[in-house]
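Here are my notes on the model, set out as numbered points. Please read them alongside the sequence and the coordinates.

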Amino acid sequence: MLTNPSPAKTASITRPLRLARWLPWATLVVSLLMSVYVTLELDKLRRTEDRQRVNALAADHAHAIQVTLERTLSATYALAALIRQSRGSFPNFPAVAEEMRAVYPGASILGLAPDGIVRQVVPLAGNERSIGFNAMQDPVQGPEARQAIRTKQLTLAGPFNLVQGGLGAVGRQPIYLKNPEGNLEFWGFAYVVMRFPEALSSARLDGLATHGLNYELWRIMPDSGARQTIASSVGSNRLVEPVEREINLPNGDWILSLAPQQGWTDPAGLARKFGMGVAVSLLLSYLSLVLVRLKRHEKGLELQVQKRTSQIFTAQNKLQATLDAIPDLMFELDLEGICHDYHVPSSAPYLQPSLDELKKSVGRHVGALLPPEATAKVLASLQQAHHSGRSDGQQFQMEMSHGTAWFDISVAAKPADPDQSQRFIVLARDVTNRKQTETDLRVAATAFDAHEGMAITDANKQIIKVNPAFTEITGYSQEEALGKSLNFLNSGRHDTAFYTQMWQTVIETNSWRGEIWNRRRNGDIYPDMRSVTAVRGDGGLITHFVNTFSDITQRKATEDEIRKLAFYDALTQLPNRRLLQERLRVSLTSTARNQQRGALLFIDLDNFKTLNDTQGHDVGDLLLQLVAQRLTECVRKADTVARLGGDEFVMMLEELSADPALAAAHVTHVGEKVIDVLNRPYALVGREFHITPSIGITLYDGQAQTSDELLKQADLAMYQAKAAGRNTMLFYDPEMQAVVTQRVALEADIRQGIAQQQFLLHYQPQVDGANNVLGVEALLRWAHPSNGMVAPSLFIPLAEETGLIEPLGHWVLQRACSQLAEWAQHPTRAAWTLAVNVSARQFRQADFVEDVRQVLRDTGANPHRLKLELTETMLLTDLDDTIAKMNLLQAQGVGFSLDDFGTGYSSLAYLKLLPLDQLKIDQSFVRDLLNDPNDAAIARTVIALARSLGLAVIAEGVETPAQHAFLLREGCDAYQGYLFTPPLPVDALEAWAESREVLLTQGA
């Protein structure tokens, strides 16, 4: 018998409801606390990132200030060297000082102060008051002046108000000369005056305002300990929590302080974050409240179900005996399974056996009437009913005359009768149709609740049922959709004819399948795979339509993404090489068919690699995206702009005039437009950048041309534009191909020349002031078997570009050291040095040092006689690596000469760090030093600078006695040039040297 729910179970349902009422408040408090914590942490992270950014800017500007001041102060070294060289007498000081002011733009005043008293100053105009000024007796400048004498080091005094007016700082270099007894005596000062703020202009401090920053440059005065402001964007105000960087200067440090103009805090951002946190907290609290209400509703329903179930079970217990007596097919059996009675309902005539069979069933065992499986289930049910009073739920199947039938049996025990054994009422219900219906319903329910949306309409196409997937796809609930036509999903992308044809196909073929664009409840339009099936009744008339919907948005997006990845550049979204070539092939066909012309513009960005390497790939990618946008704006919709990769773009212009002149004029206009828009500034990461294009153009008419040939032609024209100076455009000329072919042939000849040892060395002597040979410089020459002697200017640049300079450089070093070892056996040439030029590419090899050491070991050459010549441009890349390699080789005895000095960066700071032995004055300065005062001044400065740094000086390109006399008079150490002899083969050089030895011997 069934029983009512217990009170304890009811209490277990209501107790959690009382506890859940506190859940929304707890959720609100916890989420608010978490919001406050996350907001504060995010603000702390923002402040940290801001300070890191400002710290990087402070470091850059502090370095710029220090470099500017050090370069300006180094002018005193040159003045001191000139004073020592002239032994205290410097009559041409004004002229030299005026030339030096051009070299040191930060120096507003240069002066000499013998015995500490200013005697000479340049410029004199406006500085007359400083003449006679005694720095050592001045209360402001005296301490620094006396400190310079005491330490014999350069000191920096100030900033302070200058005697001649204005704010500035003074760098003093004490000068000591030897007296007749050989002792050093204080001669006086060489000094340089820097005016503020002019001396700080190159540091671009005012540009910090564009970054939203205030600055203050200050120092602690050594005598008073007070803080002195040198330059400030906030006047006398102090910065709040500034980032500070020290600037190390002689006689003290300066401090550069930076801070945001609006301060470090962001009240508005913090308020927004707090507001968002409160909103999220309220939302979570509301969701908790909704959850609690739903839970309460669920528990209430559960209580109602239990109450109703109890009522039903009570009524069912009362009617149990009556219900047991309502049979379909009924038998009365005992516990052993013997049939004592039966009843066959009249509603199932197919179950009625013949009278003889009915009579035979009484008194017989059920095993004689039923198959073994059914018999076992009946006996098991009897046993269960014997112990519990009833049994139901057992089912079995039997083969009948009309087919397989399913029966559901229920067994109930009859009240005990003392006159007979225990009897049971067995009801056998035919559930064949129910079983089939359940199977059909399960299949239908499974299909209806599938992921595909379904909508069933009547014959008038009015919706009568939709499944949950329909609601999920369209956004319309079943209540909103019932009674409506599916037309309310129409997106407007299909016309009436489309839908008419669709329904006509359904009526004629009973089905239709295809893609339709539908509109969701929120207005979104989406792609839908639609299937419509007609359901017909017994008379063949349509009773219903079954519509299935599949949202194929993701599939469409995937297809679009695959297409984009295959045909478009991921960075710029422009067509890639594959799509360009496909469009170009189509254009060639259409151009030939329509008798038109087209054009390809091959665009390469000049010096883009430099920007990419110095500013980073992120900035480079932003620049490429802006370039793509600007190029797209230069063409028509019918034209194509593609990115091949890197910084290479291609424009394809179509539908041009068949007249070559008109087509070329149109393409020229487009090319000029491209150059104009790409030359405009690019605002990236708070800075302005500039880039220029080189453009190669080729026209096509589709006749006997392939896409690969056209791209090669445009590429050749682009390289010719680069060779013409960049930032220009050139049309393809067949002569370009000849130039390229010649270049390829020359590269092949160089490779063959290396393999066949066609290269040789010529040597040019280097002499001292008395014309004694100090050594030679090895110069590479190429004896081509058919072209004769090839000028180095023709093959060395190509060797540098192709990397062939590395094997060539190794051969030169090997051959030169072998020659050096041979000369070591000759008494008059054993003291010669041998200079070898080293290319930047060769020097940058990781094993360069070991390669030189191995060559010295293999040849037995004296490393103290080997001198490697480096160029200034080589020193600008990875200075630390350069110094490390030079120190390792110098430790072996190898010397270093800085070639072409003055033509490159010429940083004095680098010169102090590099372990050089010699400076080489470039022949471009020597050539015109008698005619050009600037070249003469540069030559003097180089010589004086070398003297102050303890380096030797050699001048190359000396071709006239007048040049030699000028350099000799200025104190140059060594000379090289056609005045003595041109570069010679080794045999001719040795013969020249022997003839000079004979002449010197005869002269003696």
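1. Leu 600 stands opposite Thr 698 of β25. The two strands concerned, β20 (residues 597-605) and β25 (residues 693-700), pair in the antiparallel sense, and 8 bridges join them. This is a predicted model, and the pairing should be read as such.

2. β25 has a second partner in β26 (residues 729-731), and here the sense is parallel, over 3 bridges. In that pairing Gly 696 stands opposite Leu 730 of β26. β25 is mostly covered, with 7 of its 8 residues buried.

3. Earlier in the chain there is an open sheet of 5 strands in the order β2-β1-β5-β4-β3, with antiparallel pairing. Its edge strands are β2 (120-122) and β3 (155-161), each of which pairs on one side only. The average turn between neighbouring strands of this sheet is 20 degrees, direction ignored.

4. Is the edge strand β3 enclosed or open to the outside? The count of buried residues in β3 is 6 of 7, so the strand is largely enclosed by the rest of the structure. On its paired side, β3 runs antiparallel to β4 (residues 167-178), with 5 bridges between them. Thr 155 has Arg 172 of β4 as its bridge partner, and Phe 160 stands opposite Gly 168, also in β4.

5. Two helices are placed against this sheet. Helix α5 (residues 142-151) packs on the sheet and touches β3, β4 and β5, and its direction makes about 175 degrees with that of β3. Helix α3 (residues 75-85) lies across β1 (109-114), β4 and β5 (184-195), and runs at about 30 degrees to β4.

6. Helix α13 (residues 496-509) passes a simple length check. Its 14 residues should span 20 Å at 1.5 Å a residue, and the end C-alpha atoms are 20 Å apart, which agrees. Tyr 499, Met 502, Trp 503 and Val 506 of α13 are buried. These four cover an arc of only 90 degrees around the axis, which puts them on the same side of α13. The spacing fits the general geometry: an α-helix has 3.6 residues a turn, so residues three or four places apart point the same way.

7. The surroundings of α13 are consistent with that division. Its buried residues pack against β17 (511-519), β18 (525-536) and β19 (542-551). The face turned away from the buried side carries Ala 497, Gln 501 and Glu 508, which are exposed. Just after the helix, Asn 510 takes a positive phi of about 75 degrees.

8. Helix α25 (residues 879-892) can be put through the same test. For its 14 residues, 1.5 Å a residue gives an expected span of 20 Å, and the end C-alpha atoms lie 20 Å apart, in agreement. Its buried residues are Leu 879, Thr 882, Ile 883, Lys 885, Met 886 and Leu 889. They cover an arc of only 165 degrees around the axis, which puts them on the same side of α25. Lys 885 is in this buried set; the side chain may merit a look in the model. Asp 880 and Ala 891 are exposed on the face turned away from the buried side. Gly 893, just after α25, takes a positive phi of about 110 degrees.

9. Which residues have the most contacts inside the largest nonpolar core? They are Tyr 763, Leu 834, Leu 866, Leu 868, Leu 916, Leu 919 and Leu 967, in a core of 72 residues. Helix α22 (residues 805-823) supplies the largest share of this core, 8 residues.

10. Tyr 763 deserves its own entry. Leaving aside neighbours within four places in sequence, its contacts include Val 776, Gln 819, Trp 823, Leu 834, Pro 982, Pro 983 and Leu 989. Glu 777 is also one of the residues in contact with Tyr 763.

11. Apart from the largest core lies another, of 51 residues; Leu 154, Ile 175, Ala 231 and Leu 249 are among them. Of these, Ile 175 falls within β4 (residues 167-178).

12. Overall figures, for the record. The protein has 30 helices and 35 strands, and buried residues make up 42% of its 1004 residues. Among contacts between residues at least 6 apart in sequence, 59% join residues at least 24 apart.

Technical notes:
Residues numbered from 1 in each chain as written. Predicted model: local features only at pLDDT ≥ 70, side-chain atom pairs only at ≥ 80, totals over all residues. Heavy atoms only, no water. Pairing = 2+ DSSP bridges. Axes fitted to C-alpha atoms, helices over the stretch in contact; angles between N-to-C directions. Contact = heavy atoms within 4.5 Å. Expected span 1.5 Å × (residues − 1). Buried < 20%, exposed > 50% of the residue type's maximum accessible area, 1.4 Å probe, protein only. Arc of directions from axis to C-beta. Core = buried A, V, L, I, M, F, W, Y, C linked by side-chain atoms within 4.5 Å.
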